[in-house]
Amino acid sequence: MRAAFPDFRLGNVLATSFTGTLSERHGDAVERIPTPHRLVDWLAVNGLTVDSCTTAQLDLARELRESIHAAATAAAIQDALPESAVQVINDCSAQGRAAAILTPEGKRRWRLSSASCVEDALSVIAADAISIIAGERDGKLALCASPTCQAAFFDTSQSRTRKWCDMNTCGNRQKKARFHANQRKNPRSAE
């Protein structure tokens with residue numbers, strides 16, 4: 001029987017969803033790709049199916065994830081991008097083989113060949129990171145308002161004022177905490 005792993009936190013932006021495979025970075029960190037097989041699962045869920053993953057490839061994926069997180073965080077706070085993070089992102093982007101394809105619905109998807117490996121999938125993630133960090137897409141990078149999370153996310157809301165990386169986790173947790181704090185201050189309001 002396989003060990004239970006934390007659920008993936010999936011979003012609409014590949015690069016920031018990938019950084020979400022490590023959540024609660026400033027609290028009790030939750031690693032969502034603890035094994036090579038779990039990275040294969042995450043890639044498949046995101047349309048980047050590969051047959052296998054080695055420990056070295058998992059290490060490379062985590063290095064890319066942390067580099068994207070560092071660069072996206074810097075971009076969100078309008079700070080200089082860390083040179084080492086930029087280098088890792090660029091190296092990963094350049095080493096893969098993937099083709100952009102157009103779906104019948106008019107969407108762009110990535111196609112990996114049947115002989116594709118993890119590096120090919122990581123190149124797609126790196127290219128996605130480049131497009132959002134470079135400001136090529138409509139939206140803005142922001143940081144989650146949860147003090148234990150502070151994940152970088154890509155805000156495509158109309159007002160660009162989204163506070164949480166994920167409303168179902170971070171946002172909900174903060175709203176519950178605020179509700180309970182108000183209940184303790186005003187115990188009669190619950191009656």
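In this predicted model, Ala99 stands opposite Arg111, a residue of strand β4. A second pair belongs to the setting of β4 as well, for there Leu102 has Arg108 as its bridge partner. Both pairs can be placed in the wider arrangement of strand β3, which covers residues 99-102, and strand β4, which covers residues 108-111, since these strands pair in the antiparallel sense over four bridges. Between the strands of this hairpin lie five residues, and in the hairpin Gly106 takes a positive phi near 85°.

The table lists the strands and helices discussed in this report.

| Element | Residues |
|---|---|
| Strand β3 | residues 99-102 |
| Strand β4 | residues 108-111 |
| Helix α3 | residues 55-76 |
| Helix α4 | residues 83-95 |

We turn now to the helices. Two packed helices are described by the angle between their axes and by the distance between those axes. For helix α3 and helix α4, the axes come within 8 Å and cross at roughly 125°. Because angles of 65 to 115 degrees count as roughly perpendicular and those over 145 as roughly antiparallel, this crossing makes α3 oblique to α4. The crossing of α3 and α4 is, in addition, left-handed.

Which residues of α3 and α4 meet? On the side of α3 they are Leu60, Glu63, Leu64, Ser67, Ile68, Ala70 and Ala71, and on the side of α4 they are Ala85, Val88, Ile89, Cys92 and Gln95. When the residues of this contact are divided by kind, nine are nonpolar, two are polar and one is charged.

Finally, the protein can be described as a whole. It contains six helices and six strands, and read from the N terminus on, its elements run in the order α-β-β-α-α-α-β-β-α-β-β-α. Along the principal axes of the protein, the C-alpha trace spans about 65 × 45 × 40 Å. Of the 191 residues in the protein, 39% are buried. If one considers the contacts between residues at least 6 apart in sequence, 55% of them join residues that are at least 24 apart.

Notes. Residues numbered from 1 in each chain as written. Predicted model: local features only at pLDDT ≥ 70, side-chain atom pairs only at ≥ 80, totals over all residues. Heavy atoms only, no water. Pairing = 2+ DSSP bridges. Helix = DSSP H or I, 4+ residues; strand = E, 2+ residues; numbered from the N terminus. Axes fitted to C-alpha atoms, helices over the stretch in contact; angles between N-to-C directions. Parallel < 35°, antiparallel > 145°, perpendicular 65-115°, else oblique. Left-handed = near helix turned anticlockwise from the far one by under 90°. Contact = heavy atoms within 4.5 Å. Nonpolar A, V, L, I, M, F, W, Y, C, P; charged D, E, K, R; others polar. Buried < 20%, exposed > 50% of the residue type's maximum accessible area, 1.4 Å probe, protein only.
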